[in-house]
Amino acid sequence: MGEARRIVVKVGSSSLTTAAGGLDADRVDALVDVLAKIRSGGEKEIVLVSSGAIAAGLAPLGLRRRPKDLARQQAAASVGQGLLVARYTASFARYGVRVGQVLLTSDDMSRRAHHRNASRTFDQLLAMGAFPIVNENDTVATDEIRFGDNDRLAALVAHLVHADLLVLLSDVDGVYDGDPSRPGTSRIAEVKGPQDLAGVEIGSAGKAGVGTGGMVTKVEAARIAAAAGIPVVLTSAVHAAEALAGGDTGTYFHATGKRSAERLLWLQHASTPQGALILDDGAVDAVVKRRTSLLPAGIAAVEGEFSAGDPVELRDTTGRAVGRGLVNFDAKEIPRLIGRSTRELARELGPAYEREVVHRDDLVLLHP
């Protein structure tokens with residue numbers, strides 16, 4: 001932890017807001033004090049994934065609690081995002097640090113060109129000395145393209161920016177082997193793999209009522225990052241300085257896998273399939289075991305409505321999902337391609353059809 005050079009820090013709404021839903025300036029300043037100090041040595045780069053936009057917009061709009069309908073959530077985000085970034089801008093200005101805002105949707109990040117643009121933006125902001133602050137673009141994101149929570153977003157951003165460490169801050173100081181409010185429970189200091197959490201009941205909802213996450217989303221985010229080769233510390237915001245200094249606080253998730261292609265991680269964890277392609281047995285074997293592209297000849301059926309470039313699910317004939325990929329054709333085009341060779345299609349329909357339906361570089365396996 002102490003050797004980590006590039007760090008992604010995620011902070012939840014409950015750590016930044018008052019019980020009434022407005023921003024707590026003292027809490028924001030306390031977090032900024034820690035981050036600015038860590039950054040001031042010049043040896044570490046930090047990207048902050050910050051929740052709080054919707055929560056910050058509740059009080060100004062006269063809302064007593066987080067609304068359940070998407071339209072009012074988006075309205076609250078529209079008001080609150082400006083307040084949130086303004087608060088961070090003012091707080092970092094005390095240290096002479098400029099803030100750069102990055103708003104993302106999963107739809108942006110699952111597409112190749114958008115993914116590259118996001119990566120370049122982060123690299124340039126850090127190179128120019130700006131402090132990137134990331135949030136989901138709640139104002140325009142719909143249920144179909146939402147990350148679902150900023151914990152998962154933070155794990156994916158950590159992979160995108162090639163972070164050496166992910167720190168998840170909340171109102172709980174780690175994962176416990178039971179309800180932390182009950183006597184006799186203890187903090188789990190290290191998680192070396194899924195087996196270390198077997199039988200542990202993970203709580204879901206946060207008691208503050210202003211965010212969308214809970215311990216379940218944080219543990220899932222930690223697993224995503226760890227599987228991608230990034231260690232994770234999960235602790236409370238009040239222990240941020242200790243965590244970033246490598247102290248014994250919270251729960252430490254050891255890296256369990258190796259870094260994969262960034263865009264594929266987004267495809268696997270941040271995309272929502274817009275339809276499905278049913279593969280015959282030969283195609284399933286080719287795609288899963290031999291890791292080939294999906295050709296028209298191996299498709300048995302198509303489901304849903306989607307456009308070229310959309311994520312789709314790849315299923316076997318029993319309906320089991322075996323992969324996910326970015327499709328090269330519209331749904332309405334595929335029925336006339338089914339079961340035919342690319343050479344035959346090129347002769348009949350033109351050279352544009354002599355290609356894969358899903359290229360292997362745009363495909364992730366769900367059950368390798």
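**Strands, rings and buried residues in a predicted model**

Biologist: What is the mean pLDDT of the protein?

Modeller: The model is predicted, with pLDDT of at least 70 required for local features and 80 or more for side-chain atom pairs, while totals for chains, interfaces and linings use all residues. Residues are numbered from 1 along each chain as its sequence is written, and side-chain values use heavy atoms, with hydrogens and water left out. The pLDDT is the predictor's confidence in each residue, from 0 to 100. Of the residues, 89% reach 70 or more, and the mean pLDDT of the protein is 86.

Biologist: How many contacts does the stretch 205-212 have in the model, beyond near neighbours in sequence?

Modeller: The pLDDT is below 50 over residues 205-212. Where pLDDT is low, the predicted coordinates should not be read in detail. With contact meaning heavy atoms within 4.5 Å, the number for this stretch is 15.

Biologist: Which strands stand at the edges of the open sheet of five strands?

Modeller: Helices (H or I, at least four residues) and strands (E, at least two) are DSSP runs numbered from the N terminus, and two strands pair if DSSP finds at least two bridges between them. The sheet has the order E10-E9-E11-E12-E13, with mixed pairing. An edge strand has a single partner strand, so one side of it is left without a neighbour in the sheet; this applies to E10 (299-304) and E13 (363-365).

Biologist: At about what angle does helix H10 run to E9?

Modeller: Axes are lines fitted to C-alpha atoms, for helices over the stretch in contact, and angles run from 0 to 180 degrees between N-to-C directions. Helix H10 (residues 281-288) lies across E9, E11, strand E12 (321-326) and E13. Relative to E9, the helix runs at about 105°.

Biologist: Which residue of E11 is the bridge partner of Ile278?

Modeller: Strand E9 (residues 275-279) is joined on one hand to E10 by five antiparallel bridges, where Gly275 has Gly304 as its partner. On the other hand, three bridges join E9 to E11 (residues 311-315) in the parallel sense. Across that parallel pairing, Ile278 has as its bridge partner Arg315.

Biologist: How many of the residues of E9 are buried?

Modeller: Buried means under 20% relative accessible area, exposed over 50% and partly exposed in between (1.4 Å probe, protein chains only). Gly275, Leu277 and Leu279 on one side of E9 and Ala276 and Ile278 on the other are all buried. The count for the strand is therefore given by both faces, and of five residues it is five.

Biologist: Why does the pair of Phe92 and Phe131 count as tilted, and at what plane angle?

Modeller: Rings of Phe, Tyr and Trp (its six-membered ring) pair if their centres lie within 6.5 Å; planes under 30 degrees apart count as stacked, over 60 as edge-to-face and the rest as tilted. By this rule there are three aromatic pairs. The ring centres of Phe92 and Phe131 lie 4.4 Å apart, and the pair is tilted because the planes stand at 35°.

Biologist: How many residues apart in sequence are the parts that this pair ties together?

Modeller: Phe92 is buried, with a relative accessible area of 0%, and Phe131 is likewise buried at 0%. Ring pairs link both residues with Tyr88 into a cluster. Phe92 belongs to helix H3 (residues 70-93) and Phe131 to strand E4 (residues 131-136), so the parts tied together have a sequence separation of 39 residues.

Biologist: Which residue of E4 stands opposite Val49?

Modeller: Val49 is found in strand E2 (residues 45-50), which is joined to E4 by two parallel bridges. All six residues of E4 are buried, so this strand is largely enclosed by the rest of the structure. Val49 touches residues including Val8, Asn150 and Leu153, and opposite Val49 in E4 stands Val134.

Biologist: Which residue has its charged end over the ring of Phe329?

Modeller: A charge sits over a ring if NZ of Lys or CZ of Arg is within 6 Å of the ring centre and within 35 degrees of the ring normal. Phe329 and Tyr353 are both buried. The charged end over the ring of Phe329 lies 4.4 Å from its centre and belongs to Arg355.

Definitions and conventions
Lists of a residue's contacts leave out its neighbours within four places in sequence.
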